[in-house]
Amino acid sequence: MKWMKRLRLINWHYFQDVTMEFGKQTLITGQNAVGKSTIIDALQVLFVADQRMIRFNAAAHDDAKRSFIHYLRGKIGSDERSFLRDGDFTTYIVAEFRDEDRKEWFVVGVAVDVYRGGSATEEEYFILADCKLDDLEFVNSNGILFNRDGFRKRYGGDGARIGAPAGRRVLFERNKSNYQKALLARLGQLHERFFTIFTKALSFKPIQNIRAFVYDYILDRKELQLNLMRQNFEIHERYQRELELLQERKQELQEIRDCYGQYVKYKETAREQDYVIRRLKAVYESENLEQTERENAGLADKLKRLEGEISLAKLKQEEARGKQQEAYQRWQNHAAEKRKRELNEEIAQLTAQQHEGERLLRIYQAQLLRERQLLTGLADWPDNPFWTWEPGELDSLRRYQESMAHLEALARSGSIAVHEEEDWKRDLKQIGESLAKWR
């Protein structure tokens, strides 16, 4: 709800500079020609703005019908002087409001520059948020009233301040249509019919017929339209169903909100529990760390002690290695003497074996010679009725002779290779078998 708290009129008809207090219900009383309707007409100028829609007080006792310029100049109808204000001047109509929903103050006003010798005026409407009447200054340091342009520069610029925080919302508008839209929005998104209803509700005559007053000043005369009423009823039914659906959705959203509240509560509880667990773990790890540090200190002492023992053991090891080397050297000397005796004995055995081998070699040479001579005599044996050479036997016999001669030569030289030894053994076996068969 928005309440008009105060109204200030500067250079408006007979009011030179007056501030009036308003409550939630305000009664304006007084004798004729004291300015009651002047206040109402000032409110029309401030709230309606469009002079084509304004109905100034037609019941005033002036000789001519009141007009906007008459209010500005202060028409008095005297023979000596027609107006209170003849030169250049500025008029202010400013109202202070309290927004109970937003818990803030705002000011709505109009500044009108009037120029000498004519009816031309320049009007500018303004809406200042987060502001009260006491925050505004209309007179400069020299005691001169600000004109419209000076007031706008003071309170409408980027750096303007009126005691409220910087960055407050301000509106200065010369286009009356734009001002009306802004005013409707600031008063709570009112319908544009507000202007016509406001002007029609101002009755300056005694109310004799309530019905006529309602139709003349509040409602528009319209014929009863059943189709329109039916449509409105259908729209009402549709809106009623939509309202029920919205209420169901509201209930669901409230349940979701409650669930979310529980979720937030549980989440906070889980966070606290997690903190407690982490804290306990930290304490436990801290105790383990202290225990480990104590153990490390003990192990460090033990390490130093073992390093001392290792150093001592190395010294003993070096000493033992020296003794070992000496013992090994003595053993080596003893082993060399023993090996020398063994080698001398082995040389004696090999020498005996050599003599025996030479003896056996001479015997084998004599045997090989006899055997070769026997093969030579056998090769010259003629055929007779009791003996006949088979084909190939003489060739084998001559090959045997060559083998025996080669073997005899090797025996005389005393060098038979190991790989030839098996071949000669095989040949001698074959020669022996053939000779045995021929015998």
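**Why these terms apply: helices, strands and cysteines**

User: What makes helix H1 mostly covered?

Analyst: Ten of the twelve residues of H1 are buried, where buried means under 20% relative accessible area, exposed over 50% and partly exposed in between (1.4 Å probe, protein chains only). Among the buried ones are Ile39, Leu43, Val45 and Phe47. This is a predicted model, in which local features need pLDDT of at least 70, side-chain atom pairs count only at pLDDT 80 or more, and totals for chains, interfaces and linings use all residues. Residues are numbered from 1 along each chain as its sequence is written, and side-chain values use heavy atoms, with hydrogens and water left out.

User: How do you know that the length of H1 agrees with the expected span?

Analyst: Helices (H or I, at least four residues) and strands (E, at least two) are DSSP runs, numbered from the N terminus. The expected span is 1.5 Å times one less than the number of residues. For the twelve residues of H1 (residues 36–47) this gives 16 Å, and the end C-alpha atoms are 17 Å apart, which agrees. Just after H1, Ala49 takes a positive phi of about 70 degrees.

User: Why is strand S4 called largely enclosed?

Analyst: Ten of the eleven residues of S4 (residues 104–114) are buried, and therefore the strand is largely enclosed by the rest of the structure.

User: What makes S3 and S4 paired strands?

Analyst: Two strands pair if DSSP finds at least two bridges between them. Eleven bridges join S3 (residues 89–99) to S4 in the antiparallel sense, with Phe89 opposite Val114, and therefore the definition is met. The two strands form a hairpin with four residues between them. On its other pairing, S4 meets S5 (residues 121–129) over nine antiparallel bridges, where Val112 has Glu123 as its partner.

User: Why are S2 and S6 called edge strands?

Analyst: The open sheet has six strands in the order S2-S1-S3-S4-S5-S6, with antiparallel pairing. S2 (15–21) and S6 (170–173) each have a single partner strand, so one side of each is left without a neighbour in the sheet.

User: How do you know whether Cys131 and Cys259 are buried or exposed?

Analyst: Cys131 has 1% relative accessibility and therefore counts as buried. Cys259 has a relative accessible area of 54%, and so it is exposed.

User: How many disulfides does the structure hold?

Analyst: A disulfide is a pair of cysteine sulfur atoms within 2.5 Å, and the structure holds zero of them.
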